[in-house]
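Student: I am new to this structure and would be grateful for a close look at a single part of it. Please take the packing of the helices as the subject and set it in the context of the chain.

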Amino acid sequence: MSVITNPSTAEVPVRTRIWCTVPMVVCASFACLAQVSFASQQYAQDSAPYLWMIACVLVAIPSGLILLARNSYPQAVFWTACLLVVALPYDSLIALMALTSLLARRQGTKVTLRSVLAAATTTIWSQVRDALHPAEASIWHAIFSKPYTGVRYGNTMVMLVDERTIIASAVVVALIAVAIATLAGLHIRSRALARVAEAKAQSANEQVSRLRTTLDNQQLADAIAAEAHDTLAHSLSLLALNASALQAESRKLKAEAEQLGNANVAGMAGKIAGTTEDIRRQASGALDEAHSVIDMLRHPEDARLQLAANDAEASLTRDSLLQLIGDARAANMRIDTWIDVQQLGQLDESIGVIAYHVVQEGLTNVRRHAPGAPVSLQVDANPRKGCMCTSAIRRCRNPPRIWQTPGRGPVFLVWPNAYSRLAEHANTVLTNITSSTLMYDYHGLGEHRTQP
């Protein structure tokens, strides 16, 4: 439950238990019935006041049911109970129960003092009113009467004490009852506030624990990032530097061999220079990726925002595919496309997102691992056949083979001699695939096979 922080009428989350509610309703109704029954003894059965007593009896029977609303409307229940006791010849027990409920669920000096004063006044009025009734129509007179005396025994009721003692006893008992109801309400409130404070302390401890764990993880990530910067990044930098030096020496050797007329040595030197250029370019790319990973470790929140996939932008639509292909062509990639998409609105949205990421990943791998190579991209989507086929093929000396699955609709990513990172979107772990064909089947959501 939530606790309202208004200091004047702050709410306290008190648990309302059914095993307490039922006895409260029964006892409140019974007390009202008892006092109105005694009060009716002073009137003749054919008189107007007696009819009024009958109406009060009918109201007293369900009167205790107002206590069912004490959890949601404690103030309204309290003032309604006080009004019933003051206006009708009812016992004050129902008002005292409402007072306990109000003090338990509302805190504030004004509310407490006002409700206690109203309950004390109502209780004293109820008990004194009963004490002032004739002896045969008063519960207090029945308590202080001599045993076996009264109309029911065929004689006159004999009192053991005088009227002033009866009235004084009624006032004292009323004040004691108000004190008990007040202390009970304050006790219930204190226990509820203690539970709230304990819950807040536990929540704060859990938050501190989470922050400590986050801090420890961040410290570990900073240490890993620092170590990666000191070792991996420096090693990649040296690799790129050595590759550049080797390339320069190869070109120098090629020039000297051409001057000496040694075509074989010149050719081999040229191949070495080309290979070292590839090594240098790959080392530079790996260095950039290493710095990206280090930045992610040092700034995890920014990395989390960058890695969050936006399915709205990753949907398989003609506009999104044209935008993706346009971005790839803007990066100087040569792409031949064949897109056949039919009734796109009837396709499963999750499958469209997966297919989009497959195309995006394939084009990214081509741009990263085979810059300048021509690429053929084919996307087929037909909801009537329940299949979607996406191919990203790098033209190479040994053309790749496509894995066909009869009777099922696969999503193909055909990619030789490259590294694929589909784990983010395909929920599968893929490793280096050399001269192989990768098949991702969205029906299985995670199946992958390689064919050598």
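Tutor: In what follows, two residues are said to be in contact, or to meet, when heavy atoms of theirs lie within 4.5 Å. The model is predicted, and every value below was computed from it.

With that definition, the contact of helix 4 with helix 5 can be described. On the side of helix 4, the residues are Ala-95, Leu-96, Leu-99, Leu-102 and Leu-103. They meet Val-111, Thr-112, Ser-115, Val-116, Ala-119, Thr-122 and Thr-123 in helix 5. Sorted by class, the residues of this contact are eight nonpolar and four polar, with no charged residue. Helix 4 covers residues 93-105, and its axis comes within 10 Å of the axis of helix 5, at a crossing angle of roughly 175 degrees. Angles over 145 degrees count as roughly antiparallel, and helix 4 is therefore roughly antiparallel to helix 5.

Helix 5 also packs against helix 7. Helix 5 spans residues 109-131 and helix 7 spans residues 163-260; their axes are 9 Å apart, and the angle is about 150 degrees. Because of that angle, helix 5 is roughly antiparallel to helix 7. The crossing of helix 5 with helix 7 is right-handed. Helix 5 contributes Thr-112, Val-116, Ala-119, Ala-120, Thr-123, Ile-124, Gln-127, Val-128 and Ala-131 to this contact. Their partners in helix 7 are Glu-163, Ile-166, Ile-167, Ala-170, Val-171, Ala-174, Leu-175, Val-178, Thr-182 and Arg-189. The classes here are 13 nonpolar, four polar and two charged residues.

The two lists for helix 5 can be read side by side. Thr-112, Val-116, Ala-119 and Thr-123 are among the residues that meet helix 4, and these residues are also among those that meet helix 7.

Two residues of helix 7 deserve individual attention. Glu-163 belongs to helix 7 and is partly exposed, with a relative accessibility of 41%. Setting aside residues up to four places away in sequence, Glu-163 touches Ala-131 and His-141. Ala-131 is 32 residues from Glu-163 along the chain, and the C-alpha atoms of the two are separated by 8.1 Å.

Gly-185 is also part of helix 7. What is its state, buried or exposed? Gly-185 is buried, because its relative accessible area is 0% and buried means under 20%. Apart from neighbours within four places in sequence, Gly-185 is in contact with Thr-100, Leu-103 and Ala-104. The numbering places these three partners within the range of helix 4, residues 93-105. The C-alpha atoms of Gly-185 and Leu-99 are 7.4 Å apart, although 86 residues separate the two along the chain. Leu-99 and Leu-103 are also among the residues of helix 4 that meet helix 5.

Before helix 7 begins, the chain passes through a loop that follows helix 6 (139-143), and Tyr-148 is found in that loop. Tyr-148 has a positive phi of about 65 degrees, although it is not a glycine. Tyr-148 is exposed, at a relative accessible area of 64%.

A further helix pair lies earlier in the chain. Helix 1 (residues 18-39) and helix 2 (residues 48-60) have axes that come within 9 Å and cross at roughly 170 degrees, and these two helices are therefore roughly antiparallel to each other. Ser-29, Cys-32, Leu-33, Val-36 and Ala-39 of helix 1 meet Met-53, Cys-56, Val-57 and Ala-60 of helix 2. Eight of these residues are nonpolar and one is polar, while none is charged. Cys-32 is buried, with a relative accessible area of 0%, whereas Cys-20 is partly exposed at 25%. A search of the whole structure finds zero disulfides.

These helices can now be placed in the whole. The chain has twelve helices and eight strands, and buried residues make up 36% of its 452 residues. Among contacts between residues at least 6 apart in sequence, 64% join residues at least 24 apart. The strands offer an example of two residues distant in sequence: Leu-377, in strand 4 (residues 375-382), has its C-alpha atom 6.1 Å from that of Asp-336, 41 residues away along the chain. Leu-377 counts as buried, at 2% relative accessibility.

Technical notes:
Residues are numbered from 1 along each chain as its sequence is written. This is a predicted model: local features need pLDDT of at least 70, side-chain atom pairs count only at pLDDT 80 or more; totals for chains, interfaces and linings use all residues. Side-chain values use heavy atoms; hydrogens and water are left out. A disulfide is a pair of cysteine sulfur atoms within 2.5 Å. Buried means under 20% relative accessible area, exposed over 50%, partly exposed in between (1.4 Å probe, protein chains only). Axes are lines fitted to C-alpha atoms, for helices over the stretch in contact, and angles run from 0 to 180 degrees between N-to-C directions. Helices (H or I, at least four residues) and strands (E, at least two) are DSSP runs, numbered from the N terminus. Angles under 35 degrees count as roughly parallel, over 145 as roughly antiparallel, 65 to 115 as roughly perpendicular and the rest as oblique. A crossing is left-handed if the near helix is turned anticlockwise from the far one by less than a right angle, and right-handed if clockwise. Ala, Val, Leu, Ile, Met, Phe, Trp, Tyr, Cys and Pro count as nonpolar, Asp, Glu, Lys and Arg as charged, and the others, Gly among them, as polar.
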